[in-house]
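Please read this explanation with the model open beside it. It goes through backbone details, helix packing and enclosed spaces in turn.

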Amino acid sequence: MKIGILSAMQEEFDLLLSEVKNPRTTSLGMREYIEGTLYGKDVVLVFSQWGKTASASTTANLINVFKIDRLIFTGVAGGLDDNAKIGDIVIARRLFHHDVDASPFKRRYYVPLVGADGIATDEKLSDELACAAQDFVDNISSYISDEDRAEFSLSNVIVHRKNIATGDQFIKSSDVRNRIMEDLPDMYAVEMEGAAVAQVCWEHKIPFAVIRTISDTANEHSPMDYPKFLHRVASIYSLYIMKNYIEHL
Ligand code: ADE
């Protein structure tokens with residue numbers, strides 16, 4: 001089994017990369033694909049860059065060139081639902097492109113080949129990741145300092161299994177956030193890659209999951225909250241959740 005791990009954050013990628021044994025690097029299409037073993041399992045690790053096109057092209061290479069059998073996308077997201085707090089984790093059930101609209105010719109959110117109802121993630125893989133994430137949350141004080149837990153209010157962190165909306169936009173205004181929530185109810189978080197990765201995996205029948213840590217709440221505070229959380233907390237989450245996940249395989 002070969003696991004593709006796609007990361008949209010340089011800090012997260014660097015931390016994971018430092019754990020890879022016998023790394024071999026291949027440069028392709030302006031990305032560096034690192035093959036090796038992570039906690040005893042074969043992996044291909046790649047920093048996708050931001051956005052739908054960048055993550056879709058990277059995913060296609062992971063599948064067709066590096067022959068992965070499953071894919072995990074890890075990164076951060078803006079919380080949409082009021083119950084998605086900074087520091088919570090969302091493991092996607094379905095992913096939707098919130099910026100696709102070819103009406104009146106097609107139903108809003110209709111994506112060629114896929115349809116208008118989003119793309120479902122692999123249930124088993126998502127369940128396994130949810131267990132790994134819950135284990136991390138139960139022991140969070142071993143991983144995140146008291147100071148950071150206090151600053152980011154990480155005392156009651158929740159692992160959600162909910163829908164995620166994707167678009168080529170960093171959401172930083174309440175108006176846009178509210179518009180997405182009104183038009184696409186049941187979305188817990190918003191980010192910039194998940195549905196694109198999901199679409200490519202779905203087209204190639206590769207099981208996939210998307211795990212996101214909430215870094216901001218997709219409003220006027222986001223440009224401040226996002227980088228602070230990213231540097232100090234998010235990459236630590238993903239390293240240890242991935243470690244838990246792989247060690248239990
Ligand atoms: N990823 C993290 N926060 C985000 C936001 N507010 N909008 C889009 N993608 C994000």
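The model is predicted. A convenient place to begin is Met30, which sits in the loop between strand E2 (21–28) and strand E3 (31–38). Met30 is not a glycine, yet its phi is positive, at about 70°. A second backbone detail is found at Pro104, in the loop between strand E6 (89–97) and strand E7 (119–120). Here the peptide bond that runs from Ser103 to Pro104 is cis, and its omega is near 10°.

The helices come next, starting with H2 and H6. Helix H2 covers residues 52–64 and helix H6 covers residues 194–203; their axes come within 8 Å and cross at roughly 30°. An angle under 35 degrees counts as roughly parallel, so H2 is roughly parallel to H6. The two helices cross in a right-handed sense. On the H2 side the contact is formed by Lys52, Ser55, Ala56, Thr59, Ala60 and Ile63, and these meet Ala196, Val197, Val200 and Cys201 of H6. Sorted by class, the residues of this contact between H2 and H6 are seven nonpolar, two polar and one charged.

Helix H7 (residues 222–247) takes part in the two other packings described here. One partner of H7 is helix H1 (residues 10–17): the axes of H1 and H7 come within 9 Å, crossing at roughly 40°. H1 and H7 are therefore oblique to each other. The crossing of H1 with H7 is right-handed. H1 brings Glu11, Glu12, Leu15 and Leu16 to the contact, while H7 brings Leu230, His231, Ser235, Ile236, Ser238, Leu239 and Met242. Six nonpolar, three polar and two charged residues make up the contact of H1 with H7.

The other partner is helix H3 (residues 123–138), which packs with H7 at an angle of about 120°, the axes being 8 Å apart. That angle makes H3 oblique to H7. H3 and H7 also form a right-handed crossing. From H3, the residues Leu125, Glu128, Leu129, Ala132, Ala133, Asp135 and Phe136 meet Ile236, Tyr237, Tyr240, Ile241, Asn244 and Tyr245 of H7. In the contact of H3 with H7, ten residues are nonpolar, one is polar and two are charged. Ile236 of H7 can be found in the contact with H1 and again in the contact with H3.

What remains is the empty space. Rolling a probe the size of a water molecule over the atoms shows where such space is left. How many cavities of 30 Å³ or more does the structure hold? There are three of them. The largest cavity contains about 200 Å³ of space. Its lining has 18 residues, and those nearest the centre of the largest cavity are Val76, Phe170, Glu191, Met192 and Tyr226. Strand E5 (70–79), strand E9 (187–191) and strand E10 (208–216) are the elements that give two or more residues to this lining. Eleven nonpolar, three polar and four charged residues line the largest cavity.

The second largest cavity has a volume of about 60 Å³. Its lining consists of Met9, Glu12, Thr74, Gly75, Ile211, Thr213, Ala234, Ser238, Ile241 and Met242. E5, E10 and H7 each give two or more residues to the lining of the second largest cavity. H7 has the largest share, with four residues. By class, the lining of the second largest cavity splits into five nonpolar, four polar and one charged. Several residues in this lining have already appeared in the helix contacts. Among them, Glu12 of H1 and Ser238 and Met242 of H7 belong to the contact of H1 with H7, whereas Ile241 of H7 belongs to the contact with H3.

The last feature is an open one, the largest pocket, with about 210 Å³ of space. Which residues lie nearest the centre of the largest pocket? They are Lys85, Ile86, Gly87, Phe152 and Ser153, out of 15 residues that line the largest pocket. H7 supplies the largest share of this lining too, three residues. The lining of the largest pocket comprises six nonpolar, four polar and five charged residues.

To sum up H7, this helix packs with H1 and with H3. H7 also gives the largest share of the lining of the second largest cavity and of the largest pocket.

How values were computed. Residues numbered from 1 in each chain as written. Predicted model: local features only at pLDDT ≥ 70, side-chain atom pairs only at ≥ 80, totals over all residues. Heavy atoms only, no water. 1 Å grid on protein atoms, 1.4 Å probe; cavity = no way out; pocket = protein on both sides within 12 Å on 5 of 7 lines; lining within 4 Å. Points joined across faces, edges and corners; volume = space filled by probe spheres on them. Nonpolar A, V, L, I, M, F, W, Y, C, P; charged D, E, K, R; others polar. Axes fitted to C-alpha atoms, helices over the stretch in contact; angles between N-to-C directions. Parallel < 35°, antiparallel > 145°, perpendicular 65-115°, else oblique. Left-handed = near helix turned anticlockwise from the far one by under 90°. Contact = heavy atoms within 4.5 Å.
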